[in-house]
Structure formats: structure tokens, C-alpha cells
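Please keep the sequence and the model open while you read this note. The points below take up helix packing and then the empty spaces.

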Amino acid sequence: METTSTPTHCPYCALQCGMTVTPLPRGGVEVTERPDFPVNRGALCGKGRTAAEVLSSAVRLTSPLVRSGDALVPASWDEALDRIAAGLSSARAGYGPDAVGVFGGGGLTNEKAYALGKFARVVLGTSQIDYNGRFCMSSAAAAGLKAFGLDRGLPFPLEDIPKTGCVILVGSNLAETMPPSLRFFRELRENGGTLIVVDPRRTRTAEQADLHLAPRPGTDLALALGLLHLVVAEGRTDEEYIRERTTGWEEARAAAMAHWPEHVERITGVSVPQLREAVRMFCAPEAAMVLTARGPEQQSKGTDTVGAWINLCLATGRAGRPLSGYGCLTGQGNGQGGREHGQKADQLPGYRKLDDPAARRHVAEVWGVDPDSLPGPGRSAYELLDALGTDIRALLLMGSNPVVSAPRAAHIEGRLRSLDFLAVADVVLSETAALADVVLPVTQWAEETGTTTSLEGRVLLRRRAVTAPEGIRGDLEVLHGLAARLGVEKGFPTDAEEVFTELRRASAGGPADYSGITYDRLAAENGVFWPCPEDEAGVHPGTPRLFLDRFATGDGRARFVAVTHRGLAEEPDDEYPLVLTTGRVVSQYQSGAQTRRVAELNAAAPGPFVELHPRLAARLGAADGDPVAVVSRRGRAVAPARVTTAIRPDTVFMPFHWPGEGRANTLTNPALDPTSRMPEFKACAVRVEAVRP
């Protein structure tokens, strides 16, 4: 048997590392390094290296399933699709189009995200669509739009990081969440630059830092304001840059000056000498960057928090200049592209706004529908899930597992159970799929062609490398089949390149303009950075670096936004005296639906744990490995103690990859950011109890 090796990309995080996939003559698939891709240069983490194991029929769905009583039983594709069409139609007929919800995922390709948004608005006529990427970087997106007029995770390639002078990395443990990226920060230090890490835990990433700031969870906003105060007080602002390239400085400066160093020390626990040293390190070199991740973003004030870090960049002239700027480290594999092309509640393809009449007209013309037929903006992700079983009676869910990943997860599990009808399309029988009335087995990364957009804004081509097992179909085929059953015979092709060609037209002229990108270019150029408009005078090169000439605002200036510190939505008290923060570990990914099915990864990270300081453990009488219970106002989770001095004494940490009694998101607070509608995953009040035999 002749084997063919196919260059493609990893299915997991937003680095979208390059890899080569080869079917083996005796069965199975081999994943090997791909040194030609500049982001990872061949390096793969354990998740990427073992990604092919989830392709095995032994761990995945291979037949549609339909509910019969309390059980899910195999069914034909026709029966499964007929049931879904009937379930969605029944809810729509009985309660109106907004009684049908659609929930997507940040791992769906651009083509799938585009088709899913079109399906919701054209076929179902519902406004009730959002996706789990809302839980990823929506606060950073909202802050970027306010400040720069455009949201792209990184406005520069990762290769710029080693060449800058200082990086402040806020709330990211990238040594575990995206290990191949750590190389860029090591090279930064080797080149004489400095790394400041902001994290309440001394993580593997913090261990690499020249300076580690460990604020109390939920106080990143005060920290950023305190640093800006010192920048002003020490005369380190770039007045010429502020005057020529920004607006709103007077109001932002006044807000920052209310956060003097001693006040910020009391709020955050970060000492005044450390604050001063951070300012010195950040301002000393000619170029510097601030990068944020979920730590500051997954807060009920996440948009303001990111805005404060952007203000620090603007005040020091470190945005829209070579080797400088603010960026967000997107988490999910297509978290960037997934929110650009229509599966977000308020957006149309090309990052157009759904309430913009011109945007509606443009996209409606591409789709061949009346602009007035398109519904308006709908509920955000948590609000959509919270409305299940009441306002929303039927749900189509693709590529997400909210039973594990949503905040206040026990409540959301109850809302899912209360639906009249639930259909799930997924690779595996996730905890959410197990609740469904119909489950569809769909293809995954190596079995299909499609595009994703990395954290750099680099559009990439994932190539089909292997044939899916018999009985499995692609998501585009699913939407095609459902659209036909619901009376829309055309407009939902099953070929990914055909869908991408339409996406290019729909995005043309929008903020995220893909119209100059083709599959041939993606294959030849190792990806293309958007915006990349179609250029009649020649081939547009794409835009690796944004804002060097002007920002994407009406006047070309970046906007300071005046913000002030406020506390957590749920502060500790006598009953719940500690703060819980959550995150990931290196050998699992997101809700763990796929990685928990890989033996090597499970051996490295077999289950949940509670990280707590020795002083807290001593008060509880708990030793390392003893079961402890973490209790919040929303529920109780039990997991083994992991005693370490790497965490603050007033803070506990749990990873969120597991269901069952150790489910961290049973505890988390769904309090929402007023702008981004991001839940406050990263900080809630808890108490910890020893579990006695």
C-alpha cells in the first residue's frame, strides 16, 4: 500500500502548529514534525503529537444515535436528520423562530462557522446563535475594538516577540497551554529582552520570568492602572505619540492618577517596589509589548481590564510601531476565525455588525435573501444557555461541551435536560452529547479540508490527509442535509473550497477581509494574514503587522478609554473566605472531550485536583493527595489536594477539564461583563473543607 504524507495543522490550540500526517500501511496514522511552518518550527506538544489517536474508531462516534427511552441507539443518517428537522420545525412552529437556538464552537473551521451562521439566520430565521468562543477572548476583542477599531488577536507575528525589548504577559500560562510558543519568550531573554509575568500562581511560565507579579485574582485592572499612574508620575509618557496618534488621554490619565502605588499594593498584594521595577523594565527599551490571556479577560470587568493594559501601551507609545503593541493570546484552535464569520450573536461574515444596515445589505446580496429577513442580534453564549427550556425550546449544538465548560455548569446541565429537543454534532460522545435526542458523528481535522485563523491572524489551510471511517459525515454535509429538509435546497454546498469562495465574497470590504485569499495561496504561502482584500492591480500580500500607519478608527487614532478599578462580582466573606481561580494543564485541552480519550495524556493528567497553599492545607489538616471539597454559592466539587507554595495563601486553583464531582465549573460565577458578556470564570468566592472518610 502506497502512503502519502500530507502537511496540515494541529486540531488543538490557536497556535495551529504545523504537522505532517501519514496513513500507515497496516492501519493507524502517524503524526510527525513539520519544520517549515514558522510558528512551531517542528515542535509539537504532547497533545499535538498524539492527536491522531482520536481518529481511531475505538474512541469516537461512528454512527448516528437517536434517543429511545433513556438510551441512545444507532440509527441511519436519514432517520437522524429527519428527527432533527422535525424537532427544530416543531419548536419553530409552536413558539416562533427564536425558540430555536444554535450553539457553535471555536474549533469549527471558518467554512463551518460561516455556514452555521448562515443556516441559523437564513434557514431557521433565528437570532439565537452564539458559540463557546464567547468564553475565550471576547473581552479582549471588545477592548481592541474600542481602542483600535479592529479586533485581531495579535497585530504582529509571533516572530516579532524575540526582537522586542520587554513583554508583560498577563494571565497566561503558555508553557502549559501552548508549549511550542514558549520558545519565542526564551529567545526574547537570550536576546537581552525581559519578561514580566502577571499571575497569582508561580506557574511554569512564571518560572521563566525576570519579574513575576502575583496579584490577588480579579485585581489585574488595579494593577494596570497603578503601573500607568507610575508612568505618568515618573515622566515616562510619550507625549508626541499621544498627541499625534491618540485621543482621550486626559480622561484616562485622570482615572489612572486615582490609583496611587500604595493603594494598588493594598488591592493587589503586589508591592510598590515591584510596581516600580515593572515600570522601569517596560519603559527602558525602545520597544515593548503587553500580551493578555484568559486571566484578565475572564472577568466581569474583563473589557475594562484589557482596556487598562492597552492604555499603558498607548501612553508609552508602544502600539502601532515596529516590535511594539498590545496583543491577545487566543486560546481555541479557530477562536479568531470562529468569531469573524457569523456564528457570534451580533456578527455577520467579515466581522461585520449585524445591526449595520450596510452590512446586512452586503451579506444578504451574497446570500440571495432580503436584508429585512435577517434577524437581529441575539443572546450571548451564557444567556443563550440559561434560556434553554424556557424561551429556547430546541437547540442544535456543534463542537462544544457546555456540560463541562460553561460557568455554573450544574445549572446549565439542568437547562439542557429541560429542552424539548437537543441535537449534537460531535466527534465523540461528550457529556453534552450524552443528553441529546439525536447525536451525529462528524469528521475531524485530518479527515476534512478547511481553513482556520490562528492567534496571529494568519489564515491557514488544513488539508484532508485520511479517509473518515464509514458512517461519518462532515458538518457541511449535515447543514446541507438539514437545510434541504427544512425547505432550502440551495446555498449550502458540501465542498469546503466552494464555501470559502462564498465566504470571501461575504467578507469583502469588511474589517476581516478575506477576499484576496484563495486555497492555492494558502497552500503556497504557509498562510496569509488578514486583512487581505482582492486587489485588481495585483496580489495583495496580506497584513502581518497592523496599525503601523494608522489605526482602524474613523480618524486613524487609537482611543484611550478611561477606566477605574472595581471589585469582583463576588468578593470573599466570612462564609466563603477564599478565591477560586481556574485554568488548564499541559496534557488536557478545554473540556477534555477528546484528550481524555488518549491514554498517554490521561496518564500524565489523570484527573482534577485542588491546588492550595501549605498554610491553608495545615488549617484544614489536609495532606498532599487527600480529598478536599471546594464549595461556592453554586455547588461543591471534590478533588485531591495538591499542596504547593506556588499559589497565594488566599487563593485556590482547579483545572476545568473534567466532569463529575471534580467539575470546576460547577463552582464558577456566571456574572457577565457588561460589554463582552464574558462570564467571570477566573475568580469566585469559595471555602475549602477537608473530606473525612
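1. Helix axes are lines fitted to C-alpha atoms over the stretch in contact, and angles run from 0 to 180 degrees between N-to-C directions. Helices (H or I, at least four residues) and strands (E, at least two) are DSSP runs, numbered from the N terminus. This is a predicted model, in which local features need pLDDT of at least 70 and side-chain atom pairs count only at pLDDT 80 or more, while totals for chains, interfaces and linings use all residues. Residues are numbered from 1 along each chain as its sequence is written, and side-chain values use heavy atoms, with hydrogens and water left out.

2. Helix α3 (residues 110-124) packs against helix α19 (residues 475-485) at an angle of about 15°, and their axes are 10 Å apart. That makes α3 roughly parallel to α19 (angles under 35 degrees count as roughly parallel, over 145 as roughly antiparallel, 65 to 115 as roughly perpendicular and the rest as oblique). In this contact (heavy atoms within 4.5 Å), E111, K112, A115, L116, F119 and V123 of α3 meet D475, L476, L479, L482 and A483 of α19. By class, the contact of α3 with α19 has eight nonpolar, no polar and three charged residues, where Ala, Val, Leu, Ile, Met, Phe, Trp, Tyr, Cys and Pro count as nonpolar, Asp, Glu, Lys and Arg as charged, and the others, Gly among them, as polar.

3. The axes of helix α7 (residues 220-233) and helix α10 (residues 261-268) cross at roughly 160° and come within 9 Å, and α7 and α10 are therefore roughly antiparallel to each other. On the α7 side the contact is made by A222, L223, G226, H229 and L230, and on the α10 side by P261, V264, I267 and T268. These residues divide into six nonpolar, three polar and no charged.

4. The largest pocket (on a 1 Å grid over the protein atoms alone, an open set of points with protein on both sides within 12 Å along at least five of seven lines) has a volume of about 440 Å³, a volume being the space filled by probe spheres set on the points, which are joined across faces, edges and corners. Its lining, meaning residues with an atom within 4 Å of a point, counts 28 residues, with L145, K344, D346, Q347 and K353 nearest the centre. The largest share of this lining, five residues, comes from α4.

5. The structure also holds seven cavities of 30 Å³ or more, a cavity being a set of points where a 1.4 Å probe fits but cannot get out. The second largest cavity has a volume of about 100 Å³.
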